[in-house]
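Subject: A structure for you to look through

Hi,

Here is the structure I promised to pass on. Please open it beside this email, and we can walk through it together.

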Amino acid sequence: MNKLSVIVPMLNEAARIASTLDALRRGAPDAEIVVVDGGSADSSVAIARPLCDALIVAPRGRARQMNAGARAAHGDTLAFVHADTIVPATFAADIAAALSDPAVVGGRFDVQLDASSLPYRIIGAMISLRSRISRTGTGDQAIFVRRGVFDRLGGFPDLELCEDLEFSRRLKRAGRVACLRSRVTTSARRWTRDGVARTVVRMWLIRAMYLMGVPPARLKRIYADTR
């Protein structure tokens, strides 16, 4: 039976990391959980260390942190879960069911935001629909992949932004991508802080500009940190 390793990149997530790791233990009780800290200045490391199987430090940047976690992990299947994302109780079972089809190289989950009002519910539904149509996922959707495929693709590209989009595009070319109906719940803090309409427009603009070839370093300037 394939072993699942879950990699969680983390940076200053003291308020959320315990909930994320607790949900992972419930949803994937037999999985290896590897937390990769990018230099947190708060108590994230102290909180996370007893709740995971391994905690390592890597240079700041989600791509670098996730690749470092993949190198440290021992599983045949890798899943990447952001530190502000809560997985469902069926997380490991859903991944195993998807990968029981040998044609499937990886996949992602549907997503919902942790705010209950209508605009946030619509955002989650639209992200999931767009992802299902395009067969690509974002980092908030708990991307998973067979290790052999991950290695062949060279892991996540070392980009300052859109590393998840680029990896998903490469994954789609490698084989069938599973778009699971089970939902992960991710933080709405960016939308709450900056406003729903403004954030949606910014997200779509960043995506469009990246696909048109604008360097991620330039895009990073309009994608502020929300921690």
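Let's start with a question: does T138 count as buried or exposed, going by its relative accessibility? Before the answer, please keep in mind that this is a predicted model.

T138 counts as buried, because its relative accessibility is 19% and the cut-off for buried is under 20%. You will find T138 in the loop between α5 (118-134) and β7 (144-146). If you set aside the neighbours within four places in sequence, T138 is in contact with R130, I143 and D164.

Stay in that loop for a moment, since another residue there deserves a look. A142 also sits between α5 and β7, and its phi is near 55 degrees, a positive value in a residue other than glycine. Most residues other than glycine have a negative phi. With a relative accessibility of 0%, A142 counts as buried.

Now jump to N12, in the loop between β1 (4-10) and α1 (17-27). N12 is another residue other than glycine with a positive phi, near 55 degrees. How exposed is N12? N12 is partly exposed, because its relative accessible area is 29%, and partly exposed covers what lies between under 20% and over 50%.

Next, helix α5 itself. R132 is found in this helix and counts as buried, at 17% relative accessibility. Leaving out neighbours within four places in sequence, the contacts of R132 are R108, D110, C179, L180 and R181. I133 lies in helix α5 too, but I133 is exposed, with a relative accessible area of 65%. So R132 is buried, while the next residue in the numbering, I133, is exposed.

Which residues form a nonpolar patch on the surface with I133? They are L118, I122, M126 and L129, and the five residues of the patch have about 510 Å² of accessible area together.

Last, the aromatic rings. The count comes to seven aromatic pairs. One of them is formed by F80 and F156, an edge-to-face pair with 4.9 Å from centre to centre and 85 degrees between the planes. F80 lies in strand β4 (residues 77-80) and F156 in the loop between α6 (147-152) and α7 (163-174), so this pair ties together parts that are 76 residues apart in sequence. F80 is buried, with a relative accessible area of 2%, and F156 counts as buried at 3%.

Another pair is made by F91 and F109: their ring centres are 5.1 Å apart and their planes are at 25 degrees, so the pair is stacked. Here too, distant parts of the chain are linked, with F91 in helix α4 (residues 91-99) and F109 in strand β6 (residues 104-113), 18 residues apart. Both F91 and F109 are buried.

One more thing to look for while you have the rings on screen: which residues do ring pairs link into a cluster? The members are F80, F150, F156 and F167, so two of the names, F80 and F156, are ones you have already met as the pair that ties β4 to the loop between α6 and α7.

Happy exploring, and best wishes!

Methods: Residues are numbered from 1 along each chain as its sequence is written. This is a predicted model: local features need pLDDT of at least 70, side-chain atom pairs count only at pLDDT 80 or more; totals for chains, interfaces and linings use all residues. Side-chain values use heavy atoms; hydrogens and water are left out. Helices (H or I, at least four residues) and strands (E, at least two) are DSSP runs, numbered from the N terminus. Buried means under 20% relative accessible area, exposed over 50%, partly exposed in between (1.4 Å probe, protein chains only). Contact means heavy atoms within 4.5 Å. Patches are made of residues with over 30% relative accessible area and no salt bridge: like charges are joined within 9 Å, nonpolar side chains (Val, Leu, Ile, Met, Phe, Trp, Tyr) within 5 Å. Accessible areas come from the Shrake-Rupley method with a 1.4 Å probe; for residues, only the protein chains shown count as cover. A salt bridge is a side-chain nitrogen of Lys or Arg within 4 Å of a carboxyl oxygen of Asp or Glu. Rings of Phe, Tyr and Trp (its six-membered ring) pair if their centres lie within 6.5 Å; planes under 30 degrees apart count as stacked, over 60 as edge-to-face and the rest as tilted.
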